[in-house]
Amino acid sequence: MQIAVIEFARSIMKLHGANSTEFDPTTKTPCVIFMPEGSKTHMGATMRLGSRRTFFQVTNCKSAKLYGNASYVDERHRHRYEVNPDMVPEFEKAGLSFVGRDESGKRMEIIELPTHRFFVGAQFHPEFKSRPGKPSPLFLGLVAASSGQLDHLLQPGLISSTGRHTCSKGGAQKLKAGHVMKPLNGLVNAHYSATGNGAIPI
Ligand SMILES: NC(=O)CC[C@H](N)C(=O)O
C-alpha cells in the first residue's frame with residue numbers, strides 16, 4: 001500500500017518527488033513517514049506488529065463487501081512506516097479513497113481507487129491469515145476481478161457477514177465474515193472451505 005500511495009502521488013497528483021522517508025529521509029514530499037508504535041505489551045520495539053483492528057469508513061467499497069460487509073476486520077501487521085495522515089485529504093481530493101483506518105483514524109489501513117476495476121492496497125499483511133481453500137478476501141477479490149467474476153462474487157448473499165448461521169450435519173454453525181457461501185467457477189472449492197474453517201457451505 002505504501003508504494004501504491006507513492007505511485008499515485010507521482011503519476012496522478014504529479015508530485016514527482018513523492019517518496020517514503022524510509023527510502024529518502026530528506027524528501028520534500030513525504031507520503032509515507034515513520035510512525036513508530038511504542039507498545040509495552042507487544043514485542044518488536046518500534047514496530048507495529050501483530051493483530052490490529054481496521055474499521056471500514058465506507059460501506060460501498062470493494063474491500064468491505066469482500067469482507068462480508070463487516071464493520072471492522074482484524075488483520076496482522078508488521079511495519080513501522082505509515083501513510084502520512086497530513087496528506088490524506090490531498091490524496092482523497094485526487095480520487096484515492098482510504099476505506100479502512102485504525103481506531104484513531106490516523107493510520108491508514110486500506111486504499112481503493114473506486115473508479116478502477118481492482119486497485120486495492122492494504123497496510124496489513126493479508127497473506128498471514130490466507131489459507132488454501134480459505135483465501136484472504138482481498139486475494140480472492142483480486143483473482144475474481146482478474147477472471148471477470150468480481151461482480152458475481154460481490155452480489156448479495158454470496159459472502160457471509162459476521163454472525164451469519166447456516167445448518168449442516170452438525171447443526172447450526174457460525175460462519176466467519178468473508179466466508180464464500182457457494183463455489184465460484186474454479187475460484188473457491190466449497191469442500192476446501194469446509195475443511196478450512198469447519199463450516200459446511202450450503
Ligand atoms: N509491511 C510493510 O508495508 C513493509 C514494511 C514497511 N516498509 C514498514 O516498515 O513500514
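These questions and answers cover the surroundings of the ligand and of Gly50. The model is predicted, so local features need pLDDT of at least 70 and side-chain atom pairs count only at pLDDT 80 or more, while totals for chains, interfaces and linings use all residues. Residues are numbered from 1 along each chain as its sequence is written, and side-chain values use heavy atoms, with hydrogens and water left out.

Q: Why is Gly50 called buried?
A: Buried means under 20% relative accessible area, with a 1.4 Å probe and protein chains only. Gly50 has 9% relative accessibility, so Gly50 counts as buried.

Q: What makes a residue a contact of Gly50, and which residues are they?
A: Contact means heavy atoms within 4.5 Å. Leaving aside neighbours within four places in sequence, Gly50 is in contact with Glu75, Arg76 and His77.

Q: Which residues are around the ligand?
A: They are Gln2, Glu22, Arg78, His79, Arg80, Tyr81, Gln123 and His125. Near means that a heavy atom of the residue lies within 4 Å of the molecule.

Q: What makes the pair between His125 and the ligand a polar contact?
A: A polar contact is a pair of N or O atoms within 3.5 Å. A polar side-chain atom of His125 lies 3.0 Å from a nitrogen atom of the ligand. Therefore this pair fits the definition.

Q: How much of the ligand does the protein bury?
A: Taken alone, the ligand exposes 300 Å², and the protein buries 72% of that. Accessible areas come from the Shrake-Rupley method with a 1.4 Å probe.

Notes
A polar contact is a pair of N or O atoms within 3.5 Å; within protein, one must be able to donate a hydrogen and the other to accept it, and residues adjacent in sequence count only if both atoms are side-chain atoms. Buried means under 20% relative accessible area, exposed over 50%, partly exposed in between (1.4 Å probe, protein chains only).
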